[in-house]
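Me: I'd like a close look at just one part of this model. Please pick a part and take me through it slowly, as I'm new to this.

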Amino acid sequence: MSKKDGDLTATIVGGVAALAAGYVARKALTFAWTQTTGKEPPTDPESLDVGLGEALGWAVLTGVGMEVARVLAVRAAHRRLLPAHPGNAPILEEG
């Protein structure tokens with residue numbers, strides 16, 4: 001089954017928004033990590049030179065932060081580009 005034009009547009013825009021959100025989230029997470037710990041985040045968390053706590057902390061922070069940013073960006077793009085579903089349509093008061 002093929003996607004409707006609106007669905008395809010929303011998917012493409014959602015993907016671009018997810019990439020942009022991921023970039024911004026990565027910069028924000030790196031800044032927050034540096035401000036909190038006083039040092040740059042590990043560039044190679046798998047390295048034995050990086051402490052286990054630091055490696056796990058960075059992995060959890062980036063994993064959760066990047067996924068949250070992606071989900072929010074895609075949902076925002078879909079909300080703007082796809083028509084409202086019948087169950088989600090705003091209720092208009094007749095006057």
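Reply: Let's start with some vocabulary: a residue is buried under 20% relative accessible area, exposed over 50%, and partly exposed in between (1.4 Å probe, protein chains only). Keep in mind that this is a predicted model, where local features need pLDDT of at least 70, side-chain atom pairs count only at pLDDT 80 or more, and totals for chains, interfaces and linings use all residues. Numbering starts from 1 along each chain as its sequence is written, and side-chain values use heavy atoms, with hydrogens and water left out.

The part I've picked is helix 2, which covers residues 52–81. Helices here are DSSP runs (H or I, at least four residues), numbered from the N terminus. Helix 2 has 30 residues, and going from its first C-alpha to its last takes you 43 Å. That is close to the 44 Å expected at 1.5 Å a residue (the expected span is 1.5 Å times one less than the number of residues).

Now look at what is tucked away. The buried residues of helix 2 include Ala 55, Trp 58, Ala 69 and Ala 73, and Val 74 and Ala 77 are buried as well. Thr 62 sits in helix 2 too, and it counts as buried because its relative accessibility is 11%. Val 64 belongs to helix 2, but at 51% relative accessibility Val 64 counts as exposed.

Trp 58 deserves a longer stop. Aromatic rings of Phe, Tyr and Trp (its six-membered ring) pair if their centres lie within 6.5 Å; planes under 30 degrees apart are stacked, over 60 edge-to-face, and the rest tilted. By that rule the count is one aromatic pair. Its partners are Trp 33 and Trp 58, arranged edge-to-face, with 5.4 Å from centre to centre and 70 degrees between the planes. Since Trp 33 is in helix 1 (residues 5–37) and Trp 58 in helix 2, the pair ties together parts that are 25 residues apart in sequence. Both Trp 33 and Trp 58 are buried.

Next come the charges. Side chains of opposite charge can pair when their charged atoms come close. We call it a salt bridge if a side-chain nitrogen of Lys or Arg is within 4 Å of a carboxyl oxygen of Asp or Glu, and the structure holds two of them.

One joins the side chains of Glu 54 and Lys 39, at 3.5 Å from N to O. This pair links distant parts of the chain: Glu 54 is in helix 2, while Lys 39 is in the loop between helix 1 and helix 2, 15 residues apart. Glu 54 is partly exposed, with a relative accessible area of 22%, and Lys 39 is partly exposed too, at 45%.

The other joins the side chains of Glu 67 and Arg 70, at 2.7 Å from N to O. Both Glu 67 and Arg 70 lie in helix 2, three residues apart, which is about one turn of the helix. An α-helix has 3.6 residues a turn, so residues three or four places apart point the same way. Glu 67 counts as partly exposed at 37% relative accessibility, and Arg 70 is partly exposed with a relative accessible area of 36%.

Finally, step off the end. Leu 82 is in the segment after helix 2, and at 23% relative accessibility Leu 82 counts as partly exposed. Thr 11 is 71 residues away from Leu 82 along the chain, yet their C-alpha atoms are separated by 9.8 Å.

Definitions and conventions. Helix = DSSP H or I, 4+ residues; strand = E, 2+ residues; numbered from the N terminus.
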